[in-house]
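Subject: Structure handover

Hello,

Here is the structure I promised to pass on to you. Please open it alongside this email, and then read on for what turned up in it.

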Amino acid sequence: MTNLEKSLHKKGRRPNSVAVIGALFGDEGKGRITDELTNYFLKNFGEVITYRDNGGSNAGHTVSVGDKSIGLHQVGSGILQKGSTVILGKGMVIHPIDLIEELNEVKRVFELDSIPAKLMIDEMACLNLDTHRAFEHALKNRGNVGEGLQASTGRGIGPSYADVLYRFPVRLRDLVSRTWKKKLSEHYNLYYEWGKGMGFDISKIAVNRFNSEPVLLGSKDNFLRNLKKVRSELQQYVHPMFEYIKEHWESDIPFVFEKAQAVGLDYRWGVYPDVTCSDCTVYGINYSTEGAILADDISSRIGVIKSTYTSSVGRREIPTLMKVKLANKIRDDANEYGTTTGRPRDIVYMDLPMLKYFCNVGGIEEIAYTHMDIVYEEPVKVCTEYMKNGKKSYYRPDQVHLIGIEPKYKEFKPWESSKFKGGDIPKEAQTFMDYISDYTDTTPVVITYGPKRHDTLVV
Ligand code: IMP
């Protein structure tokens, strides 16, 4: 039995349930691991539920079938599979226009008459609207106040989540109700007034949209008209979800939880200001399912890492700076440029004090080691200890604290990555993984060693 199979049947846990979590700063290759698991369950059980509990259109996931591929944001690849039920949970923020456009694009690109999966959206999920995007844009351009937003994806994610804390969220349920115009007019007015207070006319701000050039938010009438176009189409997908989730959790159907972003981007655990606004840990599932599923009952909780280095986009300064020459080489070999923006990502050494912290707060028990082929003739350097003012120190989610850290490193012998192709794990790679697993108290379950889907080993 592989470690992966064992992890799906832990004692006292709900069998055949697995969560895939970004263990560092996003873009670790979660989508591919999720796809593998979804396919595995479909093959063995004929059905699967994939559940997303956080984020929204800020996430990105490329799905390929044959020579066709598409970048999806709000729905995962399960959407292309017959037998899968894709649930967008309460903890997400949903952009209704982008979502419908995304579904249409799936049909267009793959030449389908209808979406193969069953799609269900929790009526309690909050809306993410053009108002949020325009307001975020205004905030970003407001001198020092908006500094923390410089790396934002421009999808209005923060303002959508903030609505909940301000205690006037607009939910999917509001959009499909008969009184939708009143609620959404009030929402528009509020954001308009806020913008005005800051000296912006948000109706004149162009906002990002799925697969199109930015469009003007426009007047309230325009805003409502745009929503009206997708409202009736959305209706079929919007449901109360608590009972459905509870009943299915008590059945035998496999569950794959597809987390978005990563623990290092969680607004509580990540390095400010480059953080998002949702719960990126496995525990976000508790809130999203209203407790119908407890994260602690999920059998396998896989954190995904890039194994030999870490990449991140934004202004955060991670202590484990890498030699520029090596960083440039890795960036080119592993194509470390933002999928949407093309921005070069920062490349730093793997930082184990930080990874261990993220595993602990993120609820990670297993690890998928991706990019195991990014290894050269020189030793693989990994940070194992933080020192500050001559004393042992720790990762804390505080940029000021991290700036003074002096990392201590351990070096590992490089491995011959072509050996993975024959199904073997090179001895040096095994030593490296054993060290990381011991350090973080996790179990390795998957290795990927190349960009192709079949460059994968289940361990
Ligand atoms: P927001 O989620 O658009 O508010 O962006 C906040 C921060 O999270 C920014 O630094 C983004 O670059 C980062 N971010 C958001 N989503 C992702 C993702 O899916 N992968 C990597 N970084 C992300």
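A good place to begin is I21, which stands opposite G303 in β13. Please keep in mind as you look around that this is a predicted model.

The pair belongs to two strands, β1 and β13 (residues 298–306), which run parallel and are joined by six bridges. On another pairing, β1 (residues 14–22) meets β12 (residues 255–258), again in the parallel sense, over four bridges. Two residue pairs help to find this second pairing on screen: V20 stands opposite E258 in β12, and S17 has F255 of β12 as its bridge partner. How much of β1 is buried? Eight of its nine residues are, so the strand is mostly covered.

Now zoom out to the whole sheet. It is an open sheet of 10 strands with mixed pairing, and the order is β11-β7-β5-β2-β12-β1-β13-β17-β21-β22. Which strands are at the edges? They are β11 (238–239) and β22 (456–458), each of which pairs on one side only. As a general point for tracing it, side chains in a regular strand alternate between the two faces of the sheet.

Moving towards the β11 edge, have a look at β7 (residues 118–122). Four of the five residues in β7 are buried, so the strand is largely enclosed by the rest of the structure. One of its partners is β5 (residues 84–88), which runs parallel to β7 and is joined to it by four bridges. Within that pairing, L88 is the residue opposite I121 of β7. β7 also runs parallel to β11, with two bridges between them. There, D122 has H239 in β11 as its bridge partner.

Next, a helix that packs on the sheet strands. Helix α14 (residues 427–440) lies across β17 (366–370) and β21 (443–448), and it runs at about 145 degrees to β17. A useful residue to click on is M433, which lies in α14. Is M433 buried or exposed? Its relative accessibility is 1%, and because buried means under 20%, M433 counts as buried. Leaving aside residues up to four places away in sequence, M433 touches Y369, M372, I425 and I447. You can also compare M433 with P444: they are 11 residues apart along the chain, and their C-alpha atoms are separated by 7.3 Å.

There is a helix pair to look at too. Two packed helices are described by the angle between their axes and the distance between the axes. For helix α4 (residues 130–140) and helix α5 (residues 157–166), the axes come within 7 Å and cross at roughly 110 degrees. That makes α4 roughly perpendicular to α5. The crossing of α4 past α5 is right-handed. Which residues meet there? From α4 they are H132, F135 and E136, and from α5 they are I157, G158, P159, S160 and D163. Sorted by type, the residues of this contact divide into three nonpolar, three polar and two charged.

Finally, three spots in the loops deserve a click:

- The peptide bond from Y272 to P273 is cis, and its omega is near 10 degrees. P273 is found in the loop between β12 and α10 (284–288).
- D27 is not a glycine, yet it has a positive phi of about 55 degrees. This residue is found in the loop between β1 and α2 (30–45). With a relative accessible area of 42%, D27 is partly exposed.
- N389 also has a positive phi, near 50 degrees, in a residue other than glycine. It lies in the loop between β18 (380–388) and β19 (391–393). What is its accessibility? N389 has 71% relative accessibility and counts as exposed.

If you would like a short route through all this, start at β1, which pairs with β12 and with β13. Then go to β7 and its partner β5, on to M433 in α14, and from there to the crossing of α4 and α5. The loop residues can come last.

Happy exploring, and do write back with any questions.

Best wishes

Methods. Residues are numbered from 1 along each chain as its sequence is written. This is a predicted model: local features need pLDDT of at least 70, side-chain atom pairs count only at pLDDT 80 or more; totals for chains, interfaces and linings use all residues. Side-chain values use heavy atoms; hydrogens and water are left out. Axes are lines fitted to C-alpha atoms, for helices over the stretch in contact, and angles run from 0 to 180 degrees between N-to-C directions. Angles under 35 degrees count as roughly parallel, over 145 as roughly antiparallel, 65 to 115 as roughly perpendicular and the rest as oblique. A crossing is left-handed if the near helix is turned anticlockwise from the far one by less than a right angle, and right-handed if clockwise. Contact means heavy atoms within 4.5 Å. Ala, Val, Leu, Ile, Met, Phe, Trp, Tyr, Cys and Pro count as nonpolar, Asp, Glu, Lys and Arg as charged, and the others, Gly among them, as polar. Two strands pair if DSSP finds at least two bridges between them. Buried means under 20% relative accessible area, exposed over 50%, partly exposed in between (1.4 Å probe, protein chains only).
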